Amino acid sequence: MDGAWLARARWRYRGAWMWPAFIVLSLVDGVIGHGLPVSGRSQSVAGGIVVGLALNLVLIVLLSRPLGALLRRVRPDLPNAIARNYTGTLVVVLVTAGFVAAGLANRPNVEADQAALRDAVVRAVAYIGDRAPDQFRRNVDHPDTYVIQARSVYRTCVPNDLRTQTYCVIVRRALPFAQSVSFGGYEPNSVFAAGTQ
């Protein structure tokens, strides 16, 4: 009787990794999603954790039983619960690996978006520094840029000395540098963005 109890305890200890891995790797998924977003330019850590939790849970429910049955064909000595635990842990690990792979695949897009944004800000700052009234030119090192169309059209504003008004320009990156920037009004980007949503 004691031998059977010890064997069961040993199996439980060796097979009890799925839920700890689920919790830890869901948190890791959030960090990965923030550092290497799967789509778009950015993702919050909390958003990544929620996606990781949901995906891990769904895949554990759907795959741990059939994968556990396959594992038991190879290792018939494993109890059913332990086989499911092993395969559930594998599923969670594979989800995290999938987050890393998808994030790395999206990385060139993120870098291209960032390079386009930097280029648009350089064009806008050059235009504002050359043509805006003095009260705005003095604040050209405080640009606020809104993405109208990623990698193509941007709106950059700078405040006046009293922060009561903004001077804005529209940057169209497809045009030659000298023709790519035009005056965009005095409405701040916060108001402009609210009107475009």
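**Oblique helices, a disulfide and a nonpolar core**

Author: Helix α2 (residues 18-35) and α3 have axes that come within 7 Å and cross at roughly 140°. The model discussed here is predicted.

Reader: Why are α2 and α3 called oblique to each other?

Author: The term roughly antiparallel is kept for angles over 145 degrees, and roughly perpendicular covers 65 to 115. An angle of roughly 140° falls in neither range, and α2 and α3 are therefore oblique to each other.

Reader: What is the handedness of the crossing of α2 and α3?

Author: The crossing of α2 and α3 is right-handed.

Reader: At what angle do helix α3 and helix α4 pack?

Author: Helix α3 (residues 45-74) packs against helix α4 (residues 80-131) at an angle of about 135°, and their axes are 7 Å apart.

Reader: What makes α3 oblique to α4?

Author: An angle of about 135° is again neither over 145 degrees nor between 65 and 115, which makes α3 oblique to α4. The crossing in which α3 passes α4 is right-handed. In the contact of α3 with α4, 13 residues are nonpolar, 7 are polar and 3 are charged.

Reader: How do you know that Cys157 and Cys168 form a disulfide?

Author: The cut-off for a disulfide is a sulfur pair within 2.5 Å. The sulfur atoms of Cys157 and Cys168 are 2.0 Å apart, and the two cysteines form a disulfide. By this rule the count comes to 1 disulfide. The link of Cys157 and Cys168 is right-handed, with 110° about the S-S bond. Cys157 belongs to strand β2 (residues 153-159) and Cys168 to strand β3 (residues 166-172), 11 residues apart. As a chemical matter, a disulfide is a covalent bond between the sulfur atoms of two cysteines.

Reader: Why is Cys157 called buried?

Author: Buried means under 20% relative accessible area. Cys157 has a value of 2% and is therefore buried. Its partner Cys168, at 0%, is buried as well.

Reader: Which residues have the most contacts inside the largest nonpolar core?

Author: The largest nonpolar core has 14 residues, and those with the most contacts inside it are Ile128, Tyr167, Val169 and Val171. At least two residues of this core come from each of α4, β2 and β3. The element that gives the most to this core is α4, with 5 residues. In soluble globular proteins, nonpolar side chains tend to be buried together.

Reader: What makes the phi of Arg151 and that of Arg163 worth noting?

Author: Most residues other than glycine have a negative phi. Arg151 is not a glycine, yet its phi is positive, about 65°. Arg163, also not a glycine, has a positive phi of about 60°. Arg151 is placed in the loop between β1 (144-149) and β2, and Arg163 in the loop between β2 and β3.

Reader: Why is Arg151 called partly exposed?

Author: Partly exposed residues lie between the 20% limit for buried and the 50% limit for exposed. Arg151 has a relative accessible area of 36% and is therefore partly exposed. Arg163, with 47%, is partly exposed too.

Reader: How do you know whether Glu187 is buried or exposed, or something in between?

Author: Glu187 has a relative accessible area of 36% and is partly exposed, since partly exposed is the class between 20% and 50%. Glu187 lies in the loop between β4 (181-185) and α6 (189-196). The C-alpha atoms of Glu187 and Val169 are separated by 10 Å, and the two residues are 18 apart along the chain.

Reader: Why does Pro37 count as buried?

Author: Pro37 has a relative accessible area of 4%, which is under 20%, and so the residue is buried. Pro37 lies in the loop between α2 and α3. Between Pro37 and Leu57, the C-alpha separation is 20 Å and the sequence separation 20 residues.

Reader: What makes Val95 count as buried?

Author: The relative accessibility of Val95 is 8%, and under 20% a residue is buried. Val95 lies in helix α4. From Val95 to Glu111, 16 residues apart along the chain, the C-alpha atoms are separated by 24 Å.

Reader: Why does Ala16 count as partly exposed?

Author: Ala16 has 40% relative accessibility, a value between 20% and 50%, and is therefore partly exposed. Ala16 lies in the loop between α1 (2-15) and α2. Ala16 and Thr89 are 73 residues apart in sequence, with 9.1 Å between them in space, C-alpha to C-alpha.

Notes:
Residues numbered from 1 in each chain as written. Predicted model: local features only at pLDDT ≥ 70, side-chain atom pairs only at ≥ 80, totals over all residues. Heavy atoms only, no water. Helix = DSSP H or I, 4+ residues; strand = E, 2+ residues; numbered from the N terminus. Buried < 20%, exposed > 50% of the residue type's maximum accessible area, 1.4 Å probe, protein only. Axes fitted to C-alpha atoms, helices over the stretch in contact; angles between N-to-C directions. Parallel < 35°, antiparallel > 145°, perpendicular 65-115°, else oblique. Left-handed = near helix turned anticlockwise from the far one by under 90°. Nonpolar A, V, L, I, M, F, W, Y, C, P; charged D, E, K, R; others polar. Core = buried A, V, L, I, M, F, W, Y, C linked by side-chain atoms within 4.5 Å.
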